[in-house]
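This report looks at how a protein surrounds its ligand, and then at how two of its helices pack against each other. Please keep the sequence and the structure in view while reading.

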Amino acid sequence: MADGFDPALERELRAAVGDRHVLVEAADVAPYAVDWTGRFRGRTPAVVRPGSTAEVAAVIEVCARAGRPIVAQGGNTGLVGGSVPLHGEVVVSLRRLDRCGDVDRRRGQLTAGAGVTIGHVQRTARAAGWDYGVDLGARDSATVGGTIATNAGGVHVLRHGATRHQLLGVEAVLADGSVISRLDGLEKDNTGYDLTGLLCGSEGTLAIVTAARLRLVPHLPNRVVALLAFDELDAALDAIGELRRDLDALEALELFFQDGLDLVCEQFGLAEPFADRHHAFVLVECASRIDPTDALARGVAMCAGVADAAVASDPARVRALWRYREDHPEAINRLGPPHKIDVTLPPDGVGAFVARVRVSIATLEPAARVFLFGHAGDGNVHVNVVGVAPDDDRVTDVVLRLVAELGGSISAEHGIGTAKRRWLHLTRSAAELAAYRAIKEALDPRGVLNPHVLLGP
Ligand SMILES: Cc1cc2nc3c(=O)[nH]c(=O)nc-3n(C[C@H](O)[C@H](O)[C@H](O)COP(=O)(O)OP(=O)(O)OC[C@H]3O[C@@H](n4cnc5c(N)ncnc54)[C@H](O)[C@@H]3O)c2cc1C
């Protein structure tokens with residue numbers, strides 16, 4: 001038995017899920033207590049790994065009765081300190097709920113357990129000629145449940161929307177152990193409150209998602225990627241607007257800078273994509289039933305200020321160009337635990353933000369290194385800062401206040417977690433926060449589910 005863990009509670013948890021699936025040894029629970037960046041480190045008396053919805057319900061019921069808070073965990077790739085037990089909570093890992101159903105070919109839907117990875121959903125869909133509208137760098141670890149809990153965005157939001165848009169219904173366990181299930185996949189069903197939409201983005205504070213009915217999109221076999229180099233950010237931002245307007249087949253539009261590109265090349269031994277150095281880079285992806293290469297070339301030709309370009313349509317080259325963008329998070333992690341501050345700016349605020357945020361951070365902490373990249377098509381910028389102590393919140397403070405001043409959002413797609421809780425008032429009114437609290441108190445009156453996430457106790 002682990003220190004300070006009630007033996008009766010431990011016995012009940014073992015009875016609920018089986019001995020093998022209650023971990024209490026320090027070495028066994030350690031990986032569940034630290035996040036992907038290494039910035040958020042907690043402690044837990046136990047990790048419980050239920051294998052069915054009924055077992056999740058039993059675990060929640062047992063913990064609620066004992067007044068023992070829990071933290072839900074899927075792939076543990078969340079970046080806002082929401083998936084780890086920072087206050088000694090019991091971790092409920094949903095990874096064993098990993099059954100992915102077959103594709104319903106008539107409706108283009110499938111049902112997946114909360115622990116199924118996004119990569120698994122994508123492969124299952126593609127084998128039937130469909131695809132899943134959400135894609136992100138963490139695809140082989142991030143789970144259906146975690147992406148629903150955070151309403152994950154990713155690289156295809158501008159075409160297919162975030163996770164909420166793919167969601168037809170969920171099965172979930174509420175804080176008292178009762179189960180709600182809406183997996184029938186009806187496309188139209190205006191029958192009262194949209195509980196599925198409410199749970200999506202609720203970061204494990206209202207219920208534990210155990211399964212979901214997902215809407216699929218047609219698989220588009222022809223894919224072409226261009227990496228465009230710019231010497232001025234303004235030219236890159238204008239090009240992003242023009243490509244959005246002109247390209248029917250547009251699937252992704254990503255932005256990064258020379259310093260991030262240098263870091264990725266250095267960390268992974270990649271060759272720089274261009275002979276000359278530039279300021280900003282836009283990665284454009286198109287996908288279509290017919291080859292979109294000519295349309296992309298015409299679109300790029302219309303953009304002023306393109307200093308250089310590389311184009312790829314064979315899968316290996318496409319993957320190679322994507323690495324320059326997608327390897328940013330891992331390359332930055334290698335420098336030490338980063339502060340990851342994910343924000344949205346209105347389109348005309350991105351330029352001012354990029355210029356001002358670097359100056360603000362340098363003034364505050366001259367030793368800090370700042371890397372900016374993001375999903376440019378949505379105004380989403382990821383501010384990554386290394387060289388600042390994990391618990392030093394001054395950088396987050398300065399960045400989020402700047403975002404609010406420019407009319408943006410303090411969380412584009414990662415959620416609030418524990419990392420941004422203090423700043424929620426910057427972009428939500430007192431009336432909105434009161435409504436959030438009323439919902440939390442109605443669904444989780446005893447504060448059992450992720451009590452330190454989003455609103456806090
Ligand atoms: C390399 C990398 C790239 C990334 N790229 C993107 C990106 O492009 N877009 C994006 O949006 N995010 C991105 N992320 C962040 C992360 O992948 C997403 O937030 C993802 O949705 C987390 O899924 P997960 O299964 O790992 O959830 P976890 O990290 O385990 O949990 C995240 C939150 O959801 C809660 N939760 C988990 N499972 C459940 C459940 N079954 N029921 C209720 N609550 C639950 C947790 O308590 C926590 O609050 C990236 C992360 C990495 C490491």
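## The ligand and its surroundings

In this predicted model, an oxygen atom of the ligand lies 2.6 Å from a polar atom in the backbone of G78. Two side chains also make polar contacts with oxygen atoms of the ligand, one belonging to T143 and the other to N450. The table sets out these three contacts.

| Residue | Part of the residue | Distance to a ligand oxygen atom |
|---|---|---|
| G78 | backbone | 2.6 Å |
| T143 | side chain | 2.6 Å |
| N450 | side chain | 2.8 Å |

Taken by itself, the ligand would expose 970 Å², and the protein buries 96% of that area. Three elements each give two or more residues to the shell around the ligand, namely β3 (70-73), α5 (144-150) and β9 (207-218), and α5 gives the most, with 5 residues.

The ligand is surrounded by 35 residues, of which A72, G74, T77, G78 and T143 come nearest. Sorted by class, this shell holds 19 polar, 14 nonpolar and 2 charged residues.

## Two packed helices

A pair of packed helices is described by the angle between their axes together with the distance between those axes. Here, the axes of helix α1 (residues 7-17) and helix α3 (residues 53-66) come within 9 Å and cross at roughly 170 degrees. Because angles over 145 degrees count as roughly antiparallel, α1 and α3 are roughly antiparallel to each other. The crossing in which α1 passes α3 is right-handed.

How values were computed
Residues are numbered from 1 along each chain as its sequence is written. This is a predicted model: local features need pLDDT of at least 70, side-chain atom pairs count only at pLDDT 80 or more; totals for chains, interfaces and linings use all residues. Side-chain values use heavy atoms; hydrogens and water are left out. A residue is near a molecule or strand if one of its heavy atoms lies within 4 Å of it. A polar contact is a pair of N or O atoms within 3.5 Å; within protein, one must be able to donate a hydrogen and the other to accept it, and residues adjacent in sequence count only if both atoms are side-chain atoms. Accessible areas come from the Shrake-Rupley method with a 1.4 Å probe; for residues, only the protein chains shown count as cover. Helices (H or I, at least four residues) and strands (E, at least two) are DSSP runs, numbered from the N terminus. Ala, Val, Leu, Ile, Met, Phe, Trp, Tyr, Cys and Pro count as nonpolar, Asp, Glu, Lys and Arg as charged, and the others, Gly among them, as polar. Axes are lines fitted to C-alpha atoms, for helices over the stretch in contact, and angles run from 0 to 180 degrees between N-to-C directions. Angles under 35 degrees count as roughly parallel, over 145 as roughly antiparallel, 65 to 115 as roughly perpendicular and the rest as oblique. A crossing is left-handed if the near helix is turned anticlockwise from the far one by less than a right angle, and right-handed if clockwise.
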